[in-house]
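Reader: I have a structure to look over before I go back to the bench. Can we go through it by question and answer?

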Amino acid sequence: MSAATRRLTTAQALVRFLAAQYTERDGTRRRLIAGTWGIFGHGNVAGMGQALVEYADAMPYHQGRNEQAMVHAAVGHARHLNRLSAQAVTTSIGPGATNLVTGAALATINRLPVLLLPGDYFASRAADPLLQQLEHPAEADVSVNDTLRPVSRYFDRITRPAALVASALRAMRVLTDPAETGAVTLALPQDVQAEAHDWPEEFFADRVWRVRRPAPDPVELTEAVRAIRAAERPLIIAGGGVHHSEAEQALTALVDATGIPVASTQAGKGALRHDHPADLGGVGHTGTAVSDALARTADLVIGVGTRYSDFTTASGTLFQHPDVRFLNLNVTAFDAHKLAARTLVCDARAGLTALAEGLSGHRVDAVYEAEYRAGKARWAARVEAALRADDDGAVPTQTQVLGALDAVVGDEDVVINAAGSLPGDLHKLWRARSPRQYHLEYGYSCMGYEIPASLGVQQAAPGTPVWALVGDGTYLMNPTELVTAVQENLPVKLILVQNHGYASIGGLSEAVGAERFGTDYRHRAADGTFTGAPLPVDLAANAASLGMEVLRARTVRELREALAVARAATRPTCVHVETDPAPTTPSAEAWWDVPVAEVSAREPATEARAEYERAVADRRHHL
């Protein structure tokens with residue numbers, strides 16, 4: 001007797017399949033694909049579009065305005081839920097599909113799951129070339145979707161309906177694998193999307209993907225414990241893997257027992273509460289003075305769930321102890337082996353718990369503990385001074401904007417940022433109160449991430465105050481999802497900082513001898529020079545035109561009042577503030593390698609090159 005089947009189109013079958021997928025970790029079950037973002041065109045409207053209408057009761061749909069932004073929203077959702085739930089994104093062929101590439105790269109670099117479903121050319125070649133199809137003269141099976149291959153952790157083109165069964169299962173495996181996850185792409189030829197097939201009923205049954213917590217290898221664990229016991233100045237660097245594993249309590253327990261201090265990457269900030277005695281704040285180029293001082297003198301660096309970006313390592317110049325060694329606890333062997341480290345390849349929570357047991361009775365020297373606590377106190381005083389505004393009637397600086405926000409938020413609030421000068425200020429100064437409050441995308445540092453990501457986080461955590469912090473440069477890159485926030489009544493809070501240009505890259509440009517060229521928003525005279533007059537651009541009015549409630553704040557006092565109103569708002573709200581451009585953030589405590597012109601006729605470049613050569617001399621290869 002033949003097995004039961006159901007006759008559906010490929011797109012209908014895919015939607016039904018996705019609606020029946022679940023994750024489970026530690027006994028908690030979540031829906032794996034919580035919803036689908038979509039913009040429709042001829043490549044997906046008759047396939048995925050029709051299927052989403054057919055099964056609207058089973059698969060929530062969210063209307064996007066920009067394909068890249070839809071991926072960012074899905075990534076924000078996945079990150080806030082610790083990678084245990086994801087969203088899908090469907091697009092047409094052509095430009096709709098290629099707009100996914102930046103978002104896919106961001107997802108994969110940050111090890112965050114998102115399912116991409118771009119339309120594709122006719123598998124039958126019945127219409128060839130069709131509108132928006134790329135014709136390759138030597139490879140007829142290539143389409144623009146192949147640009148997604150290098151930025152996807154799994155890629156397949158479904159050229160026959162039956163191929164979907166195996167490919168969909170493989171896609172789910174990658175999405176739920178903590179060591180492999182990232183962007184997953186199933187390219188869907190538009191004729192195959194609409195083609196009917198007899199699908200086995202088992203394909204649509206509820207399926208639970210258990211998210212593993214790999215335990216540490218006993219030999220690796222023994223060696224790790226021995227290395228920590230032998231270290232005189234150990235330092236933990238907490239990365240995003242601590243959050244993904246929900247290992248914050250395990251980290252706290254280890255630190256409470258041993259006294260080992262903790263510095264954090266952008267992705268790992270909040271692994272300890274800011275007021276924990278062992279939390280030293282950010283590390284690396286945008287790190288705190290106390291973190292970077294300890295990193296320079298640490299004899300054992302214990303990386304937990306970090307991939308050691310150049311900002312974290314100060315481009316290889318930060319860890320300067322002559323005998324420094326590394327111990328990396330990571331679920332991904334690729335990252336665990338970095339810096340020639342001793343490895344502990346396992347889940348972060350499982351590994352930290354095992355380390356705490358193996359280190360029972362061990363504690364760092366009291367002198368070392370007193371040293372870093374004193375450094376933390378000194379840094380806390382600098383933070384307080386930077387955030388404080390003594391004149392309520394003055395135009396706020398950017399750091400005073402953060403101070404005003406710090407005074408308003410509660411433990412549950414989420415603060416989102418990704419690019420510009422704000423990430424550096426936040427990494428140094430923000431006082432994270434809970435594990436998911438600090439949401440910085442700094443693996444790809446993608447301008448335009450913040451607003452759509454705030455939508456994904458708001459969907460993941462209804463009722464939570466979610467703040468998107470953007471400068472004017474980032475806002476102009478990608479404001480369109482504000483319309484979606486209004487459409488879906490997602491009460492995100494946007495802080496729009498107006499400083500008339502690319503402030504962060506302007507400062508970098510000056511430091512490397514490029515003289516802030518091309519970084520200001522000013523009028524250009526007929527001779528090509530800038531006049532200095534700011535452009536008559538009203539971004540607050542623009543946000544209002546997209547449906548936002550807009551509050552204009554001109555002084556510190558008005559800013560505090562506006563932020564309080566925004567936090568209580570039940571509809572999407574924007575606080576617009578023009579800032580005093582004077583720098584008030586503590587300067588960088590560690591270097592970052594941006595190569596400077598080796599030869600130049602201009603004095604700023606030659607001076608910058610001399611400084612570059614002094615700094616690069618400190619780079620080390622850890623072997």
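Author: Buried means under 20% relative accessible area. Keep that cut-off in mind, and note that this is a predicted model.

Reader: How many residues of helix α1 are buried?
Author: Helix α1 covers residues 10-19, which is 10 residues. Among the buried ones are T10, A11, Q12 and A13. F17, L18 and A19 are buried too. The helix is largely enclosed by the rest of the structure, because the number buried is nine of the 10.

Reader: How many disulfides does the structure hold?
Author: A disulfide is a covalent bond between the sulfur atoms of two cysteines. The search covered the whole structure. The number found is zero.

Reader: Is C346 buried or exposed?
Author: The cut-off for buried is under 20% relative accessible area. C346 has 0% relative accessibility, so it counts as buried. C574, with a relative accessible area of 0%, is likewise buried.

Reader: Which residues does a cis peptide bond join?
Author: Most peptide bonds are trans. Here one has an omega of about 0°. Its proline sits in the loop between β7 (114-120) and β8 (154-157). The bond joins D128 and P129.

Reader: What is the phi of A314?
Author: Most residues other than glycine have a negative phi. A314 is not a glycine, yet its phi is positive. It lies in the loop between α12 (310-313) and β16 (325-330), and it is buried. Its phi is about 50°.

Reader: Is L339 buried, partly exposed or exposed?
Author: L339 also has a positive phi, about 60°. It lies in the loop between α13 (333-336) and β17 (342-345). Partly exposed runs between the 20% and 50% cut-offs. L339 has a relative accessible area of 23%, so it is partly exposed.

Reader: Which helix gives the largest share of the lining of the largest cavity?
Author: The largest cavity holds about 660 Å³ of space. Of its 48 lining residues, the closest to its centre are G240, G241, H244, A267 and G305. Elements that each supply at least two lining residues include α3 (67-80), α6 (163-176) and α9 (240-244). The largest share, three residues, comes from α9.

Reader: How many charged residues line the second largest cavity?
Author: This cavity holds about 70 Å³ of space. Its lining includes I93, D120, Y121 and L134. By class there are five nonpolar and six polar residues. The charged count is one.

Conventions. Residues are numbered from 1 along each chain as its sequence is written. This is a predicted model: local features need pLDDT of at least 70, side-chain atom pairs count only at pLDDT 80 or more; totals for chains, interfaces and linings use all residues. Side-chain values use heavy atoms; hydrogens and water are left out. A disulfide is a pair of cysteine sulfur atoms within 2.5 Å. Buried means under 20% relative accessible area, exposed over 50%, partly exposed in between (1.4 Å probe, protein chains only). Helices (H or I, at least four residues) and strands (E, at least two) are DSSP runs, numbered from the N terminus. On a 1 Å grid over the protein atoms alone, a cavity is a set of points where a 1.4 Å probe fits but cannot get out, and a pocket is an open set with protein on both sides within 12 Å along at least five of seven lines; lining residues have an atom within 4 Å of a point. Grid points are joined across faces, edges and corners, and a volume is the space filled by probe spheres set on the points. Ala, Val, Leu, Ile, Met, Phe, Trp, Tyr, Cys and Pro count as nonpolar, Asp, Glu, Lys and Arg as charged, and the others, Gly among them, as polar.
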